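User: I should like to go through the terms applied to this structure and see on what grounds each one is used. Please set the values against the definitions.

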Amino acid sequence: MNGKTYYITTPIYYPSGKLHIGHSYTTVAADTMARYKRLQGYDVMFLTGTDEHGQKIERMAAENRVTPKEYVDRIAMNFKSLWSLMKITNDRFIRTTDPGHVASVQQIFRMLHDKGDIYKSEYEGWYCIPCESFWTETQLKDGNCPDCGRPVERTREESYFFRLSKYQERLTALFEDGNDFLQPAFRRSEMLNNFLRPGLEDLCVSRTSFQWGIPVTFDDAHVVYVWIDALSNYITALGYLSADDADFRKYWPADVHLMAKEIVRFHALIWPAMLMALDLPLPKQVYGHGWLVLDGGKMSKSKGNVIDPIVLVGKYGLDAIRYFLLREVPFGADSVFSNEALIQRINSDLANDLGNLVSRTSAMIVKYFGGTLPEPLEPGEFDDDLRGLLLDTPGHVERLLDKLQFSTALAEIWKAVSRTNKYIDETLPWALAKEESQRGRLASVMHHLAESIRIISILIEPFMPETPSKIRQVMRIPACMTAWEDAKAFSLHPWAIGVTAGEPLFPRIDMKKELESLDKAATGG
Ligand code: ME8
């Protein structure tokens, strides 16, 4: 442990319908950061969960002829089992129906009311049920919800309001140049131009037209409406305002709240304003990534199996899916998900580059040395170049991961994989093997390969939960050489003893056949 804490969160997801690969994206990214920080010795708190209140859930439960609680219980279970299948290492799973969360939200609401930051008035405007968002006339797009494009309903009701406008100036300061509170930086101008410059309006924070919500303790007719309930999860999960708030004191403020772009404004404006009102420190960073889209549209549930994370993990393996999500999508930008791109990545980066490197190397160590590398070692051409690149890689990976640049961090690791493969082509071990006088050099080449693979097996660990241990088993890498810091040394002690030629790490997929079979599955053929 390095004595430092790291607190990372995903949004709490709505328990709506079928889960798709888009849901896994934020969680896999957050999990990668959590694993990386743990490897670096941080005391990590990684939080995810489910957002279980609101009119939409009340309606869906009624359609399914179950109570809202029965409905959310079932879906929270689905999320939990998906995260366990994807080897997500969240330390906590919060549900907004947890009694501790409910009690803390009720207190937060009362505190803000006592302070005058929440007041009673009347709301009149437009409401989008699927998005649970209120809109003014001018915000509508062609008369529909500006976020999802669906029809809105006219609403008029007594409501409590949060005095968001009071925090206008302090919030504006958050998006000035040089402040990296909101990342990627291009999202700052969205906050300034779309919300702050036109002037913030106070926010409706209670409803009387449905029951499935946290009751306002001092006014029976009202339930707390979405954002005060949902956003508070980041502190109630740590025990804020409960008898045991040790974790809150230890982990707050969060290092990063991760989410896709559509809910950035809630996290970058409303949440900081709530924290200011509560006199609490702000999270260090809010990071809004792009969407994983299908054919130009946001991912929908109707595409069935093709984007079902459980099917994808079953078909291609967990590490391939996690690798693809983080490699293919430049973090921050939108990206198109396609089975073709996925298979392409599996075949080229995983089967050809990494898989082949490990199988070629282990097979040669077995063939030429019976699995055990001898001394002495003889230096030769290309060694310094390989060693230099491998030694530079961990620093690049750390710098990029600290900025949540997963795709470029993986690209750096794959540069090391390619450099090592190239080293095989340069040193021509099969030619060295033909000459007895080259035994020392051959052993040295094998050792350089093994050492590069050892370092690569460490660097991929935050991204891939399964592959590092498979590589280590084949290559017989001693456990005492696999800590994160061990990636930063290229030692010349030949540790490879009893190497075996294992199964391919990532079997190649026949693209044509696979796409045909996926087409059939998607059309029910
Ligand atoms: O918004 N591409 O919940 P939600 C990338 N309950 N990310 C995606 C995605 C896609 N196609 N689909 C979903 C809510 N996501 C609220 C949040 S937080 C206090 C309350 C991910 O279930 C992404 O992180 O609609 C997005 O922000 C989140 O799911 C929305 O989840």
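Analyst: The following exchange takes up helix packing, the ligand shell and the backbone. The model is predicted, so local features need pLDDT of at least 70 and side-chain atom pairs count only at pLDDT 80 or more, while totals for chains, interfaces and linings use all residues. Residues are numbered from 1 along each chain as its sequence is written, and side-chain values use heavy atoms, with hydrogens and water left out.

User: Why are H2 and H3 called roughly perpendicular?

Analyst: Helix H2 (residues 55–63) and helix H3 (residues 68–85) pack at an angle of about 95 degrees, with their axes 8 Å apart. Angles of 65 to 115 degrees count as roughly perpendicular, under 35 as roughly parallel, over 145 as roughly antiparallel and the rest as oblique; H2 is therefore roughly perpendicular to H3. The axes are lines fitted to C-alpha atoms, for helices over the stretch in contact, and angles run from 0 to 180 degrees between N-to-C directions. Helices are DSSP runs (H or I, at least four residues), as are strands (E, at least two), numbered from the N terminus.

User: Which residues make the contact of H2 with H3, and how are they classed?

Analyst: Contact means heavy atoms within 4.5 Å. Ile57, Glu58, Met60 and Ala61 of H2 meet Pro68, Tyr71 and Val72 of H3. By class there are 6 nonpolar, no polar and 1 charged residues, where Ala, Val, Leu, Ile, Met, Phe, Trp, Tyr, Cys and Pro count as nonpolar, Asp, Glu, Lys and Arg as charged, and the others, Gly among them, as polar.

User: What makes H14 and H15 roughly antiparallel?

Analyst: The axes of helix H14 (residues 383–402) and helix H15 (residues 406–427) come within 9 Å and cross at roughly 170 degrees. The two helices are therefore roughly antiparallel to each other. Their contact divides into 11 nonpolar, 4 polar and 5 charged residues.

User: Which residues come nearest to the ligand, and what is the make-up of the shell?

Analyst: A residue is near a molecule if one of its heavy atoms lies within 4 Å of it. Of the 24 residues around the ligand, Ile12, Tyr14, Thr26, Asp51 and Leu292 come nearest. The shell divides into 15 nonpolar, 7 polar and 2 charged residues. Among the elements that each supply at least two of its residues are strand E1 (5–13) and helix H1 (21–39).

User: How do you know that Thr26 makes a polar contact with the ligand?

Analyst: A polar contact is a pair of N or O atoms within 3.5 Å; within protein, one must be able to donate a hydrogen and the other to accept it, and residues adjacent in sequence count only if both atoms are side-chain atoms. An oxygen atom of the ligand is 2.5 Å from an N or O atom in the side chain of Thr26. A ligand oxygen is also 2.9 Å from a polar backbone atom of Ala260, and a ligand nitrogen is 2.9 Å from a polar backbone atom of Leu292. The protein covers 94% of the 680 Å² of accessible area that the ligand has on its own, by the Shrake-Rupley method with a 1.4 Å probe.

User: Which peptide bond in the loop before H6 is cis?

Analyst: The bond joining Gln183 and Pro184 is cis, with omega about -15 degrees. Pro184 lies in the loop between strand E7 (182–183) and helix H6 (186–196). Another cis bond runs from Trp252 to Pro253, with omega near 5 degrees.

User: Why is the phi of Leu241 singled out?

Analyst: Most residues other than glycine have a negative phi. Leu241 has a positive phi of about 65 degrees although it is not a glycine, and it lies in the loop between H8 and H9.
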